[in-house]
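New notebook page. I wanted to get my bearings in this one, so here is what I looked up.

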Amino acid sequence: MVSKMGILAIYRKLYASFGPQHWWPAETPFEVMVGAILTQNTSWQNVERAIAGIKRERLLTAKKLWRLPQKKLARLLRPAGYYNLKAIRLKNFLGYFRQRYAASPAKMRRAALPRLREELLRVNGIGPETADSILLYALGKPVFVVDAYTKRALSRHHLVAEGCGYHEVQNLFMRKLKKEVKLFNEFHAMLVKLGKDFCRKRNPRCHLCPLNK
DNA sequence: CACCAGGCAAGTA
DNA sequence: TACTTGCATGGT
């Protein structure tokens, strides 16, 4: 019989080992939004290169990026990979962000949560994880972000079935936890750190993993 | 050399 | 509905 620990026990163990992660690694809400799109299936290090390049050219505003020709935008996004695709996706988001909220994170934040999430998911190129990352980390909405690391950690510890869906995992967290932004923020960030540091590919239950202590 | 990385949408059966 | 595939750079 494999021991099962609860969601809260996982949080406590992670917090004891890692402590606060201070996410999202960005200077402004808008930078979070851009980063959320660029990091789709891509290492954060490569995203940082792309964002650094955009900052170097002083182009990290909704208006400037929106006005940039597709080819030039794609060239800036090159270090992040999938650059043609992401140039389109970023423009799709910027079109929505400018039209609906005048490119103002403060205005966007005033919108009600369920509606806001639906809007984001309607933008071509924004799926559940990207939408929730923007909601939580750019706008401070109490939504739990699920990613590949999260699913792997939970299925490995038998809290969900392997290959289960996004909302199944998300609902588990949101049922078991108080809906607090700070809690959701740190929990997801620590799950990513766990994935990066310990649980990469097939290496189940290494004794250094904080969850096995 | 192979495999992985803070996904998503479009195509196929 | 449930798979499969394309997208691309940079690190290990």
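I began with the domains: seven residues of domain 1 are in contact with six residues of domain 2. Contact here is two C-beta atoms, placed from the backbone, within 7 Å. On the domain 1 side of that meeting, H12 gives the largest share, three residues. Helices are DSSP runs of H or I, at least four residues, numbered from the N terminus.

Before going on, I noted that this is a predicted model, where local features need pLDDT of at least 70, side-chain atom pairs count only at pLDDT 80 or more, and totals for chains, interfaces and linings use all residues. Residues are numbered from 1 along each chain as its sequence is written, with chains lettered from A and ligands numbered from 1 in written order.

Next I checked the bounds: in chain A, domain 1 is 7-22 + 144-212 and domain 2 is 29-138, according to an automatic or database domain assignment. Their centres, taken over C-alpha atoms, are 25 Å apart.

Then the DNA. Which residues are closest to DNA strand B? I found Gln40, Asn41, Trp44, Gly127 and Thr130, among 25 that surround this strand. I took near as a C-beta atom, placed from the backbone, within 6 Å of the strand. Helices H9 (128-138), H10 (148-156) and H12 (181-197) each give two or more residues to that surface, and H9 has the largest share with four.

Around DNA strand C I listed residues including Asn41, Arg78 and Tyr83. H6 supplies the largest share there, three residues.
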